[in-house]
Amino acid sequence: MYGDGVADGHAAFDPRLLERHRRASPGEKLAVVARLNRTLIALKEADLGARQPRLHPEQRRKLVRRWWLGAMD
C-alpha cells in the first residue's frame with residue numbers, strides 16, 4: 001500500500017458510500033456502471049473535440065467507438 005489505500009483496492013472513500021454500494025442490488029450497481037460509462041465516453045468525445053476541433057462529429061463518434069471497443073487509451 002502507498003498510503004492512499006488505492007494500491008490494495010481500498011480507496012479512501014466515505015464508509016457510508018461503501019456500505020451503500022454493498023447493499024445495492026445488482027441492477028443498481030449496473031446502473032452506476034452505465035452512468036460511469038456514459039460519462040467516460042462523453043469525456044473522450046470532449047478530449048477528441050479539443051485535440052482535433054476540425055474533426056467532423058460523425059468521425060469523432062467513430063473514433064470514440066473504436067477506442068471504446070478496443071479499450072485503448
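**Pocket lining, helices and salt bridges in a predicted model**

The residues that line the largest pocket divide into five nonpolar, one polar and four charged. The structure described here is a predicted model, and the space in this largest pocket comes to about 300 Å³. Its lining consists of Phe13, Leu17, Leu18, Arg20, His21, Ala24, Glu28, Lys29, Val32 and Arg35, and both H1 and H2 contribute at least two residues each to that lining.

With regard to secondary structure, the chain contains three helices and zero strands, so that the pattern read along the sequence is α-α-α. Helix H1 covers residues 15-23, helix H2 covers residues 26-51, and helix H3 covers residues 57-70. The predictor's confidence, expressed as pLDDT, has a mean of 84 over the chain, with 81% of the residues reaching 70 or more. Among the elements of the chain, the highest mean pLDDT, 94, belongs to H2, whereas the lowest, 88, belongs to H1.

In terms of solvent accessibility, 10% of the 73 residues of the chain count as buried. The area exposed by the chain is about 6500 Å², of which 59% is supplied by carbon and sulfur atoms.

Side chains of opposite charge can pair when their charged atoms come close. Under the criterion of a side-chain nitrogen of Lys or Arg within 4 Å of a carboxyl oxygen of Asp or Glu, the model contains six salt bridges. Three of these pairs are described in turn below, each with its position in a helix and the accessibility of its partners.

In helix H1, the side chains of Glu19 and Arg23 form a salt bridge with an N to O distance of 2.6 Å. The two residues are four positions apart in this helix, which corresponds to about one turn. Glu19 counts as partly exposed because its relative accessibility is 31%, a value that lies between the limits of 20% for buried and 50% for exposed. Arg23, by contrast, has a relative accessibility of 66% and therefore counts as exposed.

In helix H2, a salt bridge joins Arg51 to Asp47, with 2.8 Å between the closest N and O atoms. Here too the partners are four residues apart within the helix, or about one turn. The relative accessible area of Arg51 is 63%, so this residue is exposed, while Asp47, at 28% relative accessibility, counts as partly exposed.

In helix H3, Arg61 pairs with Glu58 in a salt bridge whose closest N and O atoms are 3.0 Å apart. Because Arg61 and Glu58 are three residues apart in this helix, about one helical turn separates them. Arg61 counts as partly exposed on account of a relative accessibility of 37%, and Glu58, with a relative accessible area of 37%, is likewise partly exposed. Beyond single pairs, salt bridges with shared partners connect Glu19, Arg22 and Arg23 into one network.

Technical notes. Residues are numbered from 1 along each chain as its sequence is written. This is a predicted model: local features need pLDDT of at least 70, side-chain atom pairs count only at pLDDT 80 or more; totals for chains, interfaces and linings use all residues. Side-chain values use heavy atoms; hydrogens and water are left out. Buried means under 20% relative accessible area, exposed over 50%, partly exposed in between (1.4 Å probe, protein chains only). Accessible areas come from the Shrake-Rupley method with a 1.4 Å probe; for residues, only the protein chains shown count as cover. pLDDT is the predictor's confidence in each residue, from 0 to 100. On a 1 Å grid over the protein atoms alone, a cavity is a set of points where a 1.4 Å probe fits but cannot get out, and a pocket is an open set with protein on both sides within 12 Å along at least five of seven lines; lining residues have an atom within 4 Å of a point. Grid points are joined across faces, edges and corners, and a volume is the space filled by probe spheres set on the points. Ala, Val, Leu, Ile, Met, Phe, Trp, Tyr, Cys and Pro count as nonpolar, Asp, Glu, Lys and Arg as charged, and the others, Gly among them, as polar.
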